[in-house]
Structures are given as C-alpha cells and as structure tokens.
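This report looks at a sheet, the helices beside it and the surroundings of a ligand. Please keep the structure in view while reading.

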Amino acid sequence: MNLANQFILSAIQLLPRPVVKPFAMRYIAGEELDDAVRVVKVINSKHMMGTMDVLGENVSTREESLEAVRECEEVLHSIHESHLDANVSIKLTQFGLKIDKEFCHSNVMHLLEVASGYKNFVRIDMEDSSTTSDTLKLYERLRSGGCENVGVVIQANMRRSEEDIQKLISMKANVRLCKGAYIEPEDIAFQGKEEIRLNFLKLLKMLLDGKCYVGIATHDDFLIDGAYQYIQEMNLQKSDYEFQMLYGVRIKLRDKIVADGHRLRVYVPFGQQWYAYSIRRFKENPQIAWYVFQALFSGD
Ligand code: FDA
C-alpha cells in the first residue's frame, strides 16, 4: 500500500463512526438478523450459497461471548426456519479465546451441537497471528473429539501455513484458503503481492492433492484462473471444492463463476459491530477510503 493510502486509512480511524457507516454498509448486510436473512435469500435465488457471520471480535467478558453464542444459535435457527442454503462463520476471539481457552472450546462445542441438530456446518474464521496456534489447536481438538461439521481457515500470507496444512491434510480438514486480511510482520508473513499469490496456489494444490474439501476464498482473477486450471487438470468434481467471496465485492465475477458451473458461497456479515470488519475491507479497496474522506468535507 502506498504512503498516501496508508495515511488515509490511519486518518479514517479517527473519523466519527456516522461518517464511516454509509461506506461500511456496502460490505455488510445490515445490523439485524432479518437483514442478513433477506440478503441470503437473494443470494440463494442466484444459485449461490451463503455463510452468515455475526460481526464481533476480541470480546473481553464472558457475558459478551455467551451473547455471541446465543446470536449464532439464532442464526442457525433462522437458516433452518427460512430454508436458507447457508452455514455460519464465527471468530474464536468472539467466543472467548482470549478470556479462557476451555470456555471458548465449550462455547464452540455447544454451537456445533446445535448446528449438527440442523445438519449444518460452522466455519472458524482465522484472525491475526496472535490467535493462529490456538485456533488450529482448538480445531484439532474438535476434530479428534469427533466433530465433523466444522471447518477452519488458512492464510496464504503466513509462512507457517505450509506446515499447518500438512497436519490438516492428515485430518481431511475442510479448509477455507484466503490471502490473509491482517497486517503481519515480515518474519512470519510474506509481504509481496506476488509471493502471496504463489503461496496461495501452492497451498491450494497441496490441499486438493490431499483430498481436502477447499473453500477457495478470493476475488483475485489470477488465483481464480489458477484454481480453474487445477480443477480441470485434476478432473475435480463440483463436490470437491467451492469458491467463496465477500458480500459487496466483485458481483459480476461472482455471477461468472456460477455461470461457469462452479459452486460459490458468499460471506454475509451483519450486526452492530461492523467497524473493525469494514476497516479491513477499506484496506483492500483504498478508493473507498478516499470516498469516506471526501464525504467528510463535501458537506453531504
Ligand atoms: P485482492 O485483495 O488482491 O483483491 C482482488 C481484487 O478484488 C481487487 O483488485 C479488487 O478488484 C477486488 N477487491 C478485493 N477486496 C475488495 C474490497 N474490499 N472492495 C472492493 N473490491 C475489492 N481473511 C482472514 O484473514 N481470515 C479469514 O477468515 C478470512 N475469511 C474470508 C472469507 C471469504 C469468503 C473471503 C473472500 C475472504 C476472507 N478473508 C479472510 C479475506 C482475505 O484474506 C483477503 O483479505 C481478501 O479476500 C482480499 O484478498 P483477495 O484474494 O480478494 O485479493
């Protein structure tokens, strides 16, 4: 990211939230569960699946974690009631990972039981590098405890990911592969666009060769073309993988992937805690960040 964009992103974080909110809403279904249900119905009508995310992360009290679990349960009930083709994505720091790992484990176990009652699935998002080892350990524990309806995420920018994937392959894990949304230091993470891309393709090949079900989560044409090539060369079935994209990003590309005959899932975040998520999306699209800043001075 160039210096001007870095400056504008830092400056945005000083702005009042009402100024930022209209721009953030491009990436968010709304503040209420009903908003997300409405969005997923539209997505399903376009032959795409959804994954619903109650926004929130890094909670500091047990009460907040339990509230997040309750909200995710409500999402699972709504998916069932409204006959949606969707699952749920969660963040472990929202479920209490930084408060008490045992508490977090039991919260996730509880949600998986509810999901299992509906024959549904929960994806554990990957957060910044301070959580990677604990997230993967918790995932391993869930799987060795017999939980099958759970998946995890691997970030291609992380140098450790190749080693992590070896373990996940031995578990036949269900893995979402993405570039990684957090700024990480050079000693643990690749920094260059091209090296992250190449690592993404390398890890994707490893996962597919290892017969893992992969959620190919990217909006990058180069990576989508690379994935198409593997799918063809390896003669993969539709049920071996899916593409995944974020709500509000590259809608035409989404339609094209589905028209090309692939399964695609849209990540649909909603809720009151939209701020941190939106800032990560602005970082990937500095043009939006500039719009936010201009709006402040335009008097609109
Ligand atoms: P890149 O950022 O290079 O974008 C490729 C192109 O897509 C851009 O040139 C632009 O055209 C468009 N684009 C991308 N972002 C945009 C935006 N915000 N607004 C407008 N256009 C945009 N990360 C993580 O660390 N942990 C996780 O659990 C997840 N989960 C996850 C789920 C899903 C379904 C997706 C798609 C992504 C994630 N991510 C994530 C985020 C991921 O790590 C990464 O930060 C973003 O997907 C952006 O990377 P791309 O591969 O899209 O490439």
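In this predicted model, Met 49 stands opposite Arg 265, a residue of strand β8. The two strands involved are β1, residues 49–54, and β8, residues 264–270; they run parallel and are joined by six bridges.

What does the whole set of strands form? The eight strands make a closed barrel in the order β1-β2-β3-β4-β5-β6-β7-β8, and the pairing is parallel. On average, neighbouring strands of this sheet are turned by 30° against each other, with direction ignored.

Helices pack on this sheet as well. Helix α5, residues 101–117, touches β2 (86–90), β3 (122–124) and β4 (150–155). The direction of α5 makes about 150° with that of β3. Helix α6, residues 132–144, lies across β3, β4 and β5 (174–178). Here the angle is taken to β4, and α6 runs at about 150° to that strand.

The ligand is the next topic. Which residues are closest to the ligand? They are Tyr 27, Gly 180, Thr 218, His 219 and Glu 284, out of 25 residues that surround the ligand. By type, the shell divides into 11 nonpolar, six polar and eight charged residues.

The table lists polar contacts of the ligand.

| Ligand atom | Protein partner | Distance |
|---|---|---|
| nitrogen | Arg 176, N or O atom in the side chain | 3.0 Å |
| oxygen | Thr 218, N or O atom in the side chain | 2.6 Å |
| nitrogen | Arg 281, polar backbone atom | 3.1 Å |

On its own, the ligand has 930 Å² of accessible area, and the protein covers 84% of this area. Which elements give two or more residues to the shell around the ligand? These elements are β4, β5, β7 (241–246) and α11 (275–284). Strand β7 supplies the largest share of the shell, three residues. Strands β4 and β5 of the barrel thus appear twice in this account: helix α6 lies across both, and both give residues to the shell around the ligand.

Technical notes. Residues numbered from 1 in each chain as written. Predicted model: local features only at pLDDT ≥ 70, side-chain atom pairs only at ≥ 80, totals over all residues. Heavy atoms only, no water. Pairing = 2+ DSSP bridges. Helix = DSSP H or I, 4+ residues; strand = E, 2+ residues; numbered from the N terminus. Axes fitted to C-alpha atoms, helices over the stretch in contact; angles between N-to-C directions. Contact = heavy atoms within 4.5 Å. Near = heavy atom within 4 Å. Polar contact = N/O pair within 3.5 Å; in protein donor to acceptor, adjacent residues only side chain to side chain. Areas by Shrake-Rupley, 256 points an atom, 1.4 Å probe, with all protein chains shown as cover. Nonpolar A, V, L, I, M, F, W, Y, C, P; charged D, E, K, R; others polar.
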